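Trainee: I would like to go through this structure step by step. Please start with the empty spaces inside, then move on to the cysteines and a sheet.

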Amino acid sequence: MTFTAPIQMPGLALDPQWYRRAVFYEVMVRSFVDSNGDGAGDLSGLISRLDYLQWLGVDALWLPPFYQSPLRDGGYDVSDFHAILPEFGTLEEFRDLVTKAHERNMRIVIDYPLNHTSDAHDWFQQSREDPEGPYGDFYVWRDTDEEYKNIRIIFVDTEESNWTFDPVRRQFFFHRFFSHQPDLNFENPAVREAVFDTVRFWMDLGVDGIRLDAIPYLFETEEGNGEGEPETHQFIRDLRTMIDRDYPGRILIAEANQWPQEVVQFFGTEEEPECHMAFDFPVMPRIFYSLRSQQAGELIRILSEATDVPSGAGWGVFLRNHDELTLEMVSEEYRQAMYGWYAYDPRMRSNIGIRRRLAPLLDNSRAELELAHALLFSLKGSPFLYYGDEIGMGDNIWLPDRDSSRTPMQWTPDRNAGFSTADPGKLYLPVVQSLVYNYNLVNVESQLAQSRSLLHWVRNVIHVRKAHPTFGLGELRMLQTDHESVLAFVREYEGSGSQFGDAPEKILCVFSFAHNPVSVTIQMDELGGSSLYDLFGGGQFPTINEDGSVTLTLGTQSFYWLHVGESHFAGGRS
C-alpha cells in the first residue's frame, strides 16, 4: 500500500494554537502493526504506517500507555513511567517515532495515568515493605477503610470499595479504580516532584502533549468528593507554569469525565491557566441517542450550554475511543433506552457504559456513519478519531472487558489482516472474523481500491475541514428550526487580522436525525439575503430569505455544510 501525501518541508509548522485546528488519531501501539512477528504491535510498526496517517490527514497521534506494565488494565497500570514495555520497543525507537512524525508535520501526544500506579511498581513495593523508608508515604495508607465516605466507587461492577487491605504492610490503601492500581499520595511533595520529573522526561524526548488521565482524582479530602478538589487545580496550575516556561508549544489535555460546567474548571483562567484542552464527554452519548430517537432536543440543549473558557483553550470531541461508551452523563431513562438500542446483549455492557466500536453501534449504516462523522468534524473543538473507525472496523464482544474494541488493525485481506506475520494463535488478540466485519471484507487495502469507500469519504471530510479554519477556531451558535429531528448551527470565525491571515467566514451546518426525508425551515435572522454554497462541491443552495429564514430538504439521516456568502470561499468546483 502506498500513500501520496502533500509534499511539504520537514518539520512542524510554527503554530502555538496547533491543537485547536488539529485532527487527532488515537492509535494503540499494541493494536496497530506488528513489525517483528511476535503477535503484538510495536513502535516500529507504527512508524511504518506514518505515511498512511499523513495521507489520511491526521495532525496528531494520541498514544495510550506503552510503559512498562503488567497489562492488567490495558497499560494504565504502570510499573515504570520511564521505561517502555519491551514488546512495544525501546526508547530509541520512540525517539525515532517522534522524529519521523515531526518530519511529516504530525505531533505526538502520550497518555499519562498520573493518579495511580500498578501495585507492581517499585514505589509501591518499597512503600508496603518499608513504611518508614523514602517511599513509605508515596501512597494513601490508613489503618481502617472508613475514610472518604463521600467518594464514589467508579468501577461499580468490579470493585466493592475504594480501599483494599495489604497483607504485607497490614494497612488499607486507597484506590479510585482497580484494587491493583493504588492511588499516589499527592499530599506528599516527593510524589508531586516525581510526577514533574516524569513529564520532563517525556517532554525532553520530544512529545508535543500529554493527556492527563483521570485528572480530577489526584487529591482527596474528608469534606469533598475527591473530584476536582482545590489542591488538584493548584497542582495542575503549577504543572502548566512549568510547561509554558520550559516547553512552550506543548500541551496538556484533561481527561475529566464530568459535566461541562465542572470540566471547564480544568482550563483554569486567563491569569492562572491549567490545561490547554479537555474532553467533552456529555455530547458523545447524546449523538447516539439522537440517531435512534430521531430527536435532536437533548443534543441541542447540551450544545447550547454556555461554558466560558479562556482564550486559547480547546475542547476535544470524539465518537468512540479505547474505553466503553460511558453513560454516566445521562439520566436513568436515557441510559436504559441506550442499552436497549445499542447493548441488547449483556456482553456489550461494561461498568456504566457500552463496550462496542462505532460501526457495530450504528449497525454498519453508512448514512449514520457519515452523519456522525460530519457532526463530529463540525463541532466546536478538535476531533479525536479511534484507530480503525475510518474503515468501519467491527468488534468482538466475546473478548473480556474492553478488549472487544482493541483488536488488531485490519490492513489487508491476508493472514492476520496484514497486522502480523505471527501464527494466528500467537496474536495478543484475535482479528475480527465476524460475518459482517470480517477482515477479509473490512480492511484498508480494499477500501483504498474503492473510491466511494468509507475510508476515502472520511479522508475527504478531514481535508475539507482542514481547509476551513472556522471549524477549529470559530464560535458555534445554535439556530432555531421547525423540526424536532433537525440540529442546525452556524460556525463563525472573524479571521481577519489573525496569525493565519484568514478571511471572515460563516458556515451553516445542518443535520437530520430523521429516518425519512424531511423539509425544515431554519431561522438565521442577521443573515437574511445571504447566498449558500455547498462546502464539498461548491453547488449553490437556496438564498436565505430577507427575514432570515431558509427552507432546506434533507434526505434520510443526512447533513449539509454550507458556506454563507461568496461562492469562491466555498471550495469545490465553483
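Mentor: Keep in mind that this is a predicted model. We begin with the cavities.

Trainee: What volume does the largest cavity have?

Mentor: The structure holds two cavities of 30 Å³ or more. For the largest of them, the computed volume is about 440 Å³.

Trainee: Which residues lie nearest the centre of the largest cavity?

Mentor: The lining of the largest cavity is made up of 28 residues. By class, 12 are nonpolar, six are polar and 10 are charged. Those nearest the centre are Phe 155, Phe 177, Glu 255, Asp 323 and Arg 402.

Trainee: Which element gives the most to the lining of the second largest cavity?

Mentor: The second largest cavity has a volume of about 40 Å³. Its lining includes Leu 319, Arg 320, His 373 and Tyr 386. Two elements, α14 (366-378) and β15 (382-386), each give two or more residues to this lining. The element that gives the most, with three residues, is β15.

Trainee: How many residues of each class line the second largest cavity?

Mentor: Among the lining residues are Leu 358, Leu 376, Phe 384, Leu 385 and Asp 389. Sorted by class, the lining of the second largest cavity has six nonpolar, one polar and two charged residues.

Trainee: Why does Cys 275 count as buried?

Mentor: A residue is called buried when its relative accessible area is under 20%. Cys 275 meets that cut-off because its relative accessibility is 1%.

Trainee: Is Cys 509 buried or exposed?

Mentor: Buried requires under 20% relative accessible area, and exposed requires over 50%. The relative accessible area of Cys 509 is 0%, so Cys 509 is buried.

Trainee: How many disulfides does the structure hold?

Mentor: A disulfide is a covalent bond between the sulfur atoms of two cysteines. To count as one here, the two sulfur atoms must be within 2.5 Å. The number of disulfides in the structure is zero.

Trainee: Which strands are at the edges of the open sheet that contains β17, β20 and β23?

Mentor: The three strands run in the order β17-β20-β23, with antiparallel pairing. An edge strand here pairs on one side only. That gives β17 (480-481) and β23 (549-554).

Trainee: Which residue of β20 stands opposite Thr 481?

Mentor: Strands of a sheet pair through backbone hydrogen bonds, either parallel or antiparallel. β17 and β20 (residues 518-523) pair in the antiparallel sense, over two bridges. Opposite Thr 481 stands Ile 522.

Notes:
Residues numbered from 1 in each chain as written. Predicted model: local features only at pLDDT ≥ 70, side-chain atom pairs only at ≥ 80, totals over all residues. Heavy atoms only, no water. Buried < 20%, exposed > 50% of the residue type's maximum accessible area, 1.4 Å probe, protein only. 1 Å grid on protein atoms, 1.4 Å probe; cavity = no way out; pocket = protein on both sides within 12 Å on 5 of 7 lines; lining within 4 Å. Points joined across faces, edges and corners; volume = space filled by probe spheres on them. Nonpolar A, V, L, I, M, F, W, Y, C, P; charged D, E, K, R; others polar. Helix = DSSP H or I, 4+ residues; strand = E, 2+ residues; numbered from the N terminus. Pairing = 2+ DSSP bridges.
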